[in-house]
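Reader: Please take a close look at one helix and the way its partners pack against it. Short sentences will do, and follow the thread outward from there.

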Amino acid sequence: MNPCSCKQSSGKFQSYDDVESYLNCLGMFHMDLGLDRMERAKKELGLHLTCPVIHVVGTNGKGSTSTFLHSIALAHGFRAGVFTSPHFVTPLERIKMNDRLLPKAAWASLATQAVQAVSDLTYFELLTVMSVMAFMFSEPDVLIYEAGLGAKSDATTAIPADVVVFTPIALDHTNILGDTLEAIAEDKSYAIRQGVKAVISAPQQKEVENILRQRAKDLNIPYYDFSSLKEMPSIIPLFENEKLQYELGLKGKHQFDNAQTALIAWYVLSVISKRCVESKALAEGLYNVFIPGRFQQVKPKKGMPSLVLDGAHNVHSLMSLLNTLEYENIVPSAFVFSCLKDKEPQKMVQLIEEYLNKRKLSIPIIITEIQNNERAMKKEELANLFTHKTICYATLDEVIAILPQIIAEQDKENPVVICGSLFLLSEYFKHFPEKLQLSY
């Protein structure tokens, strides 16, 4: 939709609700690639940040790594801001300062200034601009920005960064970023830009690593990965003598890599900024981490089963979820599953079936349909991809209402796993917003 046709596009926003209505009008999925609007916004609004900025880019683990970094910063006593995406229920979730949401009262003023300066900002660009404006007046000591999609044309790349952190890069958004791993890595490598003082990367596939290393080399920027740990203090490796040195607040073996990436990035930034690193603060930061929808275990209410909520929105993240179930020795009593058409549903279904076959599990596979999303798989089409018997319901609401009956013959101690899409979990959180554990 053309943003100029949206109500309020040239006027003042009176409330947060006005801003949210305008964002809905713009459309979360509307994209207009290019950084020219962001550059105009920077010039017109005088956008600038005076504290160190960490830019987190990748396919999987961006949110976890960003949150680990934010938590580590707070544990060191710093004022820290973080910008993440997407959100589950409200755009408020995307901008946090000291782990608290930006007050609703500030949104109308920030949005008015941004839109009056540059009227054609996209949904993601507007939120990015508003975050910079908010952080400019919050006196942060450090900021963490999670990229949205790619890097070459991502709004967050217009923000100068001191350190760029790459989480694992995999095939995703192939219709936009390219249909090969090399093409996607090439797009994301543009996060390595002039002004960046260091690049840190989680383990990557060789073709991805080659592209990232070469771009860093071309710009004469130091590149650090897990092989760099031998040059760092003993408090930086997550493991010491093959034993876990720090306890993590997030479940799953894949979180070890996210936490290790965050530790290296924090150490490198601390050297650049001439700040001390404290082992006690590292331990506290890694432990005091919570992200809704990342292997989130929900205790049962009366008459209801316990739940595991996990976005697991693509092949890579679904594999991580299934591995975590095994690592934590958790046997599900049922799967509630739905996904998007552009997330390789056939491969995701295959992973679930391989998991069930390997463990000889005969549990309900409950298929539902993500509401109000044109990218969502139709429940019947998704069910047809399974060889295991499935049960179809139109909405997640219907599933939750009847869960006790569906799993009546299953072990009540075992949780129901709801997974396959962040948008599916969004429907759950709309009914149980307290499970987001937001602080205002």
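Author:
**One helix, two partners**

In this predicted model, helix α3 packs against helix α10 (residues 279-287) at an angle of about 135°, and the two axes are 7 Å apart. Angles over 145 degrees would count as roughly antiparallel, and 65 to 115 as roughly perpendicular. α3 is therefore oblique to α10. Their crossing is right-handed.

Which residues make the contact between α3 and α10? From α3 come Phe 68, Ser 71, Ile 72 and Ala 75. From α10 come Ala 281, Leu 282, Glu 284, Gly 285 and Leu 286. Sorted by class, the contact of α3 with α10 has 6 nonpolar, 2 polar and 1 charged residues.

Now the other partner. Helix α3 spans residues 62-75, and helix α9 spans residues 254-273. The axes of α3 and α9 come within 9 Å and cross at roughly 50°. That angle is neither under 35 degrees nor in the range 65 to 115. So α3 and α9 are oblique to each other. This crossing is right-handed.

On the α3 side, the residues that meet α9 are Ser 64, Thr 65, Phe 68, Leu 69, Ile 72 and Ala 73. On the α9 side they are Gln 255, Asn 258, Ala 259, Thr 261, Ala 262, Leu 263, Ala 265 and Trp 266. By class, the contact of α3 with α9 has 9 nonpolar, 5 polar and no charged residues. Phe 68 and Ile 72 appear in the contact with α9, and Phe 68 and Ile 72 also appear in the contact with α10.

Take one residue of that contact. Thr 261 lies in α9. Is Thr 261 buried or exposed? Thr 261 has a relative accessible area of 0%, so it is buried. Leaving aside neighbours within four places in sequence, Thr 261 is in contact with Thr 65, Val 165, Phe 166, Ile 200, Ala 202 and Phe 226.

Phe 166 leads on to another helix. Leu 212 lies in helix α8 (residues 206-218). Beyond four places in sequence, Leu 212 is in contact with Phe 166, Ile 169, Ala 185, Ser 189, Ile 192, Ser 201, Gln 204 and Tyr 223. Leu 212 is buried, with a relative accessible area of 0%. Leu 212 and Ser 189 are 23 residues apart in sequence, yet 5.7 Å apart in space, C-alpha to C-alpha.

Next, the cores. In soluble globular proteins, nonpolar side chains tend to be buried together. Here the largest nonpolar core has 41 residues, and Leu 23, Trp 107, Leu 126, Val 129 and Tyr 145 touch the most other members. At least two residues of this core come from each of α1 (16-26), α2 (36-45), β3 (95-97), α4 (104-117), α5 (123-136) and β5 (142-146). The largest share, 10 residues, comes from α5. Beyond four places in sequence, Val 129 is in contact with Met 38, Ala 41, Leu 45, Leu 47, Ala 114 and Leu 121. Apart from this core lies another, of 36 residues, among them Leu 69, Met 232, Ile 264 and Leu 286. That brings α3 back: Leu 69 of α3 meets α9, and Leu 286 of α10 takes part in the contact with α3.

One contrast to finish. Lys 378 is in the loop between β14 (365-367) and α13 (379-383). Lys 378 is partly exposed, with a relative accessible area of 45%. Lys 378 and Val 416 are 38 residues apart in sequence and 22 Å apart in space, C-alpha to C-alpha.

Methods. Residues numbered from 1 in each chain as written. Predicted model: local features only at pLDDT ≥ 70, side-chain atom pairs only at ≥ 80, totals over all residues. Heavy atoms only, no water. Axes fitted to C-alpha atoms, helices over the stretch in contact; angles between N-to-C directions. Helix = DSSP H or I, 4+ residues; strand = E, 2+ residues; numbered from the N terminus. Left-handed = near helix turned anticlockwise from the far one by under 90°. Contact = heavy atoms within 4.5 Å. Nonpolar A, V, L, I, M, F, W, Y, C, P; charged D, E, K, R; others polar. Core = buried A, V, L, I, M, F, W, Y, C linked by side-chain atoms within 4.5 Å. Buried < 20%, exposed > 50% of the residue type's maximum accessible area, 1.4 Å probe, protein only.
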